[in-house]
Amino acid sequence: MKIPALKSNRLLLRSLQPEDAAAIEAQLSEPMANPGLARALHPDSQGHAAEWISAQATGTHGIALAITEGDRFLGTIGLEPSTLRSIGIFAPTIGYWLGAPFWGKGFMQEAVRCLLDWYLPFEPTERIGTSVFEANTRSLKVLEKLGFREVERGSTYSQLLGKELPDIKLELTAQRYYEAI
Ligand SMILES: CC(C)(COP(=O)(O)OP(=O)(O)OC[C@H]1O[C@@H](n2cnc3c(N)ncnc32)[C@H](O)[C@@H]1OP(=O)(O)O)[C@@H](O)C(=O)NCCC(=O)NCCS
């Protein structure tokens, strides 16, 4: 699927470019950013951001976009084929992060809305799934405000900590999304 650049009030969501690798590596090295991410580049894995960006360009991993404001790279957001099939969620899974300096400014709410406002009209009956570590209250808040609801509790492997951590699977229906606006 060819994805246009998506605009919101403050943000531009655009395809990832090789030049974004340095910003991604820097952001994922921030100790605050990593505990939230189940599947992410390891902070010490120099060079993996460039590989990851070129893998996204094939489209086989779903959609991954840079979140930018002017010429600032704030983070990334994407939808990938569901990884939650084991509990009956066949929907695409949403994932995202912001560099820590950009937290607490409403950028992620805005970015998720921008992506879903574009995506959901193609698939009005679609559900969107996600999985969040229980301790990641910031992300849970973002999702709950958007209309995501808990489906199940379980655990997910944390690459950073090298162990399973309790997590919450959530799901959004298009109807609930539009009602929450
Ligand atoms: C999860 C994450 C994206 C949440 O970031 P965030 O900054 O808390 O979320 P938002 O961008 O939606 O900002 C919301 C906050 O901005 C505030 N805000 C400030 N200006 C705002 C504005 N103009 N519009 C809306 N909200 C605004 C809101 O009041 C809200 O604050 P609150 O949490 O105290 O209520 C971020 O913590 C992160 O990237 N973490 C690491 C990676 C990660 O965990 N990813 C998710 C894995 S599931």
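These legends go with a set of close-up views of a predicted model.

The model is predicted, so local features need pLDDT of at least 70 and side-chain atom pairs count only at pLDDT 80 or more, while totals for chains, interfaces and linings use all residues. Numbering starts from 1 along each chain as its sequence is written, and side-chain values use heavy atoms, with hydrogens and water left out.

**View 1. The whole protein, with its five helices and eight strands.** Helices (H or I, at least four residues) and strands (E, at least two) are DSSP runs, numbered from the N terminus. Follow the sequence and you get β-β-α-α-β-β-β-α-β-α-β-β-α. Of the 181 residues, 45% are buried (under 20% relative accessible area; exposed is over 50% and partly exposed lies in between, with a 1.4 Å probe and protein chains only). Take the contacts (heavy atoms within 4.5 Å) with a separation of 6 or more: 62% of them come from residues 24 or more positions apart.

**View 2. Strand β2 with its partners β1 and β3.** Strands count as paired if DSSP finds at least two bridges between them. β1 (residues 6-7) and β2 (residues 12-15) run antiparallel and are joined by two bridges. They form a hairpin with four residues in between, and K7 has L12 in β2 as its bridge partner. On to β3 (residues 63-69): β2 runs antiparallel to this strand too, with four bridges joining the pair. Here S15 is bridged to L65 in β3.

**View 3. Helix α1 crossing helix α2.** The axes of α1 (residues 21-28) and α2 (residues 48-57) come within 8 Å and cross at roughly 120°. Axes here are lines fitted to C-alpha atoms, for helices over the stretch in contact, with angles running from 0 to 180 degrees between N-to-C directions. The two helices are therefore oblique to each other (under 35 degrees is roughly parallel, over 145 roughly antiparallel, 65 to 115 roughly perpendicular, and the rest oblique). The crossing of α1 and α2 is right-handed, as the near helix is turned clockwise from the far one by less than a right angle. A21, I24 and E25 of α1 make the contact with H48, A49, A50, W52 and I53 of α2. By type, that's six nonpolar, one polar and one charged (Ala, Val, Leu, Ile, Met, Phe, Trp, Tyr, Cys and Pro are nonpolar; Asp, Glu, Lys and Arg are charged; the others, Gly among them, are polar).

**View 4. Helix α3 packed with helix α4.** α3 (residues 107-119) and α4 (residues 137-146) pack at about 45°, and their axes are 10 Å apart. This pair is therefore oblique, and the crossing of α3 and α4 is right-handed. On the α3 side you'll find M108, Q109, V112 and R113, which meet K141, V142, K145 and L146 in α4. The contact of α3 with α4 breaks down into four nonpolar, one polar and three charged residues.

**View 5. The hairpin of β7 and β8.** Nine bridges pair β7 (residues 149-158) with β8 (residues 163-173) in the antiparallel sense. Y157 sits opposite E164 in β8. Four residues lie between the two strands, and G162 in the turn has a positive phi of about 70°.

**View 6. A135 in the loop between β6 and α4.** β6 covers 127-133. A135 is exposed, with a relative accessible area of 73%. Its C-alpha atom and that of P166 are 8.2 Å apart, with 31 residues separating A135 and P166 along the chain.
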